[in-house]
Each structure stands twice: as structure tokens, then as C-alpha cells.
Amino acid sequence: QFIKAEEKHIDAIEGIYSRIIDAQEQGRLTVGWQRGVYPTRQTALDALGRGDLFVCVDGGQVAAAAIINRIQVPVYAEVGWLYHAEPDEVMVLHTLVVDPLRAGGATGLGTAFVRFYEDYAREKGCPYLRMDTNEKNAAARRLYARLGYREAGIVPCVFNGIKGVGLVCLEKKL
């Protein structure tokens with residue numbers, strides 16, 4: 001079940017962020033995030049305040065979360081997008097997370113969340129989809145490629161306070 005997040009979901013989302021960073025620190029995955037820098041509880045609270053934080057609730061628990069809005073980060077201006085679109089025609093997916101505790105059962109949650117994002121963009125009249133991920137995040141890059149997203153470019157930048165990021169910018173036209 002995909003729904004807009006509520007205040008009661010913030011602790012669970014923060015827990016997912018922390019478990020992903022734990023797994024990275026233990027060498028079990030690589031996402032390129034930094035504890036205390038990004039993402040943080042404040043990341044989720046800011047999105048909740050804007051009304052663009054969504055969760056997937058499974059068995060009464062938050063299994064995944066993401067931010068979905070029309071906010072294109074400034075570095076997007078440096079990307080050679082194949083699809084040129086007006087800002088109000090673009091929907092952006094940010095900070096998609098699936099709880100690592102769902103490993104094994106998590107298969108398909110990332111895909112399902114991206115499909116939800118695509119349906120949401122259609123409903124809002126946004127035929128152009130954009131997202132980004134850290135160049136180091138091979139799993140996300142494989143997922144997005146499998147779902148038909150094109151890598152429009154990799155931009156070196158400081159992203160969300162993290163230095164030395166190669167930001168992979170992806171796009172898809174519905």
C-alpha cells in the first residue's frame with residue numbers, strides 16, 4: 001500500500017536510513033551516503049512538511065519510502081537531457097529507500113515504488129520523469145536501467161552535503 005507519509009511514519013523512515021548506512025559501513029552495500037549528513041531525520045521531516053513524502057506500508061510496517069515532487073536539484077541544469085521539458089512537466093523521484101530488514105522479502109519493493117512514482121506522475125500530468133543516484137550505487141543503477149530509465153549524464157558535485165559525488169542523472173518519458 002503506497003500512501004502519503006504521516007508524522008507517525010518518521011521514526012520508521014529514519015530507521016531505514018540508518019539501517020542502509022549501517023549496511024554500507026559494514027560493506028554489505030554501497031549507496032554513497034554519509035551518516036549525519038544525508039539522508040537524515042530532517043530529510044524526511046522536510047519532505048513531510050512539503051507533503052511529498054510517500055511510504056509503502058506492508059504488514060502494518062513501513063517497508064519503503066521516497067520523496068516525489070517537481071523539484072529538480074540545481075545540478076540538473078548541467079545535464080544533457082534527451083527530453084527537454086518544462087519544469088511543470090517533470091516529476092522527480094528522490095531518496096528511494098527499501099528497508100534492508102526486508103532483504104529476501106524486499107524483492108520487488110523498489111520496482112513497485114518506481115511504478116507507483118510513474119503512476120503518480122501520470123495522474124499529475126507529468127510525462128517526463130527524472131531521478132538521480134550516486135555513481136557508486138550499482139544496485140540502483142541496475143534497477144533503474146531495467147525499468148527503462150536512461151542515464152543522461154554523470155555530474156561531479158557536492159550533493160546534499162556529501163563531497164566528491166558522481167551524480168548519475170536518469171530520465172524516462174512516459
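Is H9 buried or exposed? I took this as my opening entry, working on a predicted model.

**Entry 1: H9**

I looked up the relative accessibility of H9 and found 7%. Buried means under 20% relative accessible area, so H9 counts as buried at its 7%. I then located H9 in the loop between strand 1 (2–4) and helix 1. Leaving out residues up to four places away in sequence, I listed what H9 touches: I3, K4, V55, V57 and V62.

**Entry 2: The largest nonpolar core**

I next searched for nonpolar cores. I noted as background that nonpolar side chains tend to be buried together in soluble globular proteins. In this model the largest nonpolar core has 36 residues. I recorded I13 and L53 as the residues with the most contacts inside this core. I also asked which elements give two or more residues to this core. They are helix 1 (10–25), helix 2 (41–50), strand 2 (53–58), strand 3 (61–69), strand 4 (90–98), strand 6 (150–159) and strand 7 (162–173). Helix 1 supplies the largest share, 6 residues.

I then examined I13 by itself. With residues up to four places away in sequence not counted, I13 touches A5, A44, L53, V55, V62 and A65. I noted that V55 and V62 appear both in this list and among the contacts of H9.

**Entry 3: A second core**

I found a second, separate core of 26 residues. Its members include M91, L96, Y120 and L129.

**Entry 4: Aromatic pairs**

How many aromatic pairs does a search of the whole structure find? I obtained 11, and I describe two of them here.

I first inspected W33 and Y38, which form an edge-to-face pair. Their ring centres are 6.1 Å apart, with 90° between the planes. Both residues are buried.

I then inspected F54 and Y120, another edge-to-face pair, at 5.0 Å centre to centre and 65° between the planes. This pair links distant parts of the chain, as F54 is in strand 2 and Y120 is in helix 3 (residues 109–123), 66 residues apart. I found both F54 and Y120 to be buried.

I also looked for a wider grouping of rings. F54 and Y120 belong to one aromatic cluster together with F2, F113 and F116. Y120 thus has a place in my notes on the second core as well as in those on this cluster.

**Entry 5: A charge over a ring**

Finally, I checked the surroundings of W81. R130 lies over the face of W81, at 4.0 Å from the ring centre.

Conventions
Residues are numbered from 1 along each chain as its sequence is written. This is a predicted model: local features need pLDDT of at least 70, side-chain atom pairs count only at pLDDT 80 or more; totals for chains, interfaces and linings use all residues. Side-chain values use heavy atoms; hydrogens and water are left out. A nonpolar core is a set of buried Ala, Val, Leu, Ile, Met, Phe, Trp, Tyr and Cys residues joined through side-chain atoms within 4.5 Å. Buried means under 20% relative accessible area, exposed over 50%, partly exposed in between (1.4 Å probe, protein chains only). Helices (H or I, at least four residues) and strands (E, at least two) are DSSP runs, numbered from the N terminus. Contact means heavy atoms within 4.5 Å. Rings of Phe, Tyr and Trp (its six-membered ring) pair if their centres lie within 6.5 Å; planes under 30 degrees apart count as stacked, over 60 as edge-to-face and the rest as tilted. A charge sits over a ring if NZ of Lys or CZ of Arg is within 6 Å of the ring centre and within 35 degrees of the ring normal.
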